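Here are a few short exercises to work through with the model open in your viewer. Try each task before you read its solution.

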Amino acid sequence: MDAKLTLKLDSEVIKKAKAYAEDRGESLSRMVESYFLGLTQDDEKVEPRGGVAELAGLLGGTEIADQDEKEAYAEYLTKKYS
């Protein structure tokens, strides 16, 4: 079941993200959904789709293995975007 989510982002980021999604023939909503799905999978390996798969390739398969690093990064993002 789909539900609506409202995000508050910089207008330039939204503009670029919409153009990126449109260039790939994918909706921005589906790209965000795919990204969140990948973030929230615990043990199950989920392959990213569409534009998210292209972006994931930029990381070269690098994963943050240490829980402390994950928490530090989450704290950094919270401070950066709040």
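**Exercise 1: a charge and a ring**

Task: Find what sits over the ring of Tyr20.

Solution: This is a predicted model, so take the geometry as computed. Start from the ring centre of Tyr20 and look 3.6 Å away: there you meet the charged end of Arg24, sitting over the ring.

**Exercise 2: ring against ring**

Task: Search the whole structure for aromatic pairs and classify what turns up.

Solution:
- Step one, the search: it gives one aromatic pair. The partners are Tyr35 and Phe36, with 5.9 Å from centre to centre.
- Step two, the angle: the planes are 45° apart. Stacked needs under 30 degrees and edge-to-face needs over 60, so an angle in between is called tilted. That is the label for Tyr35 and Phe36.
- Step three, the surroundings: Tyr35 has 45% relative accessibility, so it counts as partly exposed. Phe36 is partly exposed too, at 37%.

**Exercise 3: a greasy surface**

Task: Work out which residues make up the nonpolar patch on the surface, and which helix gives the most to it.

Solution:
- Step one, the members: Leu5, Leu7, Leu9, Val13, Tyr35, Phe36 and Leu39. Together they have about 690 Å² of accessible area.
- Step two, the helix: H2, spanning residues 28-40, gives the most, with three residues.
- Step three, one member up close: Leu5 is in the segment before helix H1 (11-23). Its relative accessible area is 56%, so Leu5 is exposed.

**Exercise 4: salt bridges**

Task: Count the salt bridges, then say which residues end up in one network.

Solution:
- Step one, the count: with a cut-off of 4 Å between nitrogen and carboxyl oxygen, you get three salt bridges.
- Step two, Asp2 with Arg30: the N to O distance is 3.1 Å. Asp2 lies in the segment before H1 and Arg30 in helix H2, so this bridge ties together parts 28 residues apart in sequence. Asp2 is exposed at 59%, while Arg30 is partly exposed at 35%.
- Step three, Glu33 with Arg30: their closest N and O atoms are 2.8 Å apart. Both belong to helix H2, and because they are three residues apart, about one helical turn separates them.
- Step four, Lys79 with Glu75: this bridge comes in at 3.2 Å, N to O. In helix H4 (residues 67-81) the two are four residues apart, again about one helical turn.
- Step five, the network: shared partners join Asp2, Arg30 and Glu33.

Definitions and conventions
Residues numbered from 1 in each chain as written. Predicted model: local features only at pLDDT ≥ 70, side-chain atom pairs only at ≥ 80, totals over all residues. Heavy atoms only, no water. Phe/Tyr/Trp six-rings, centres within 6.5 Å; stacked < 30°, edge-to-face > 60°. Buried < 20%, exposed > 50% of the residue type's maximum accessible area, 1.4 Å probe, protein only. Lys NZ or Arg CZ within 6 Å of the ring centre and 35° of its normal. Patch = residues over 30% accessible without salt bridge, like charges linked within 9 Å, V, L, I, M, F, W, Y side chains within 5 Å. Areas by Shrake-Rupley, 256 points an atom, 1.4 Å probe, with all protein chains shown as cover. Salt bridge = Lys/Arg side-chain N within 4 Å of Asp/Glu carboxyl O.
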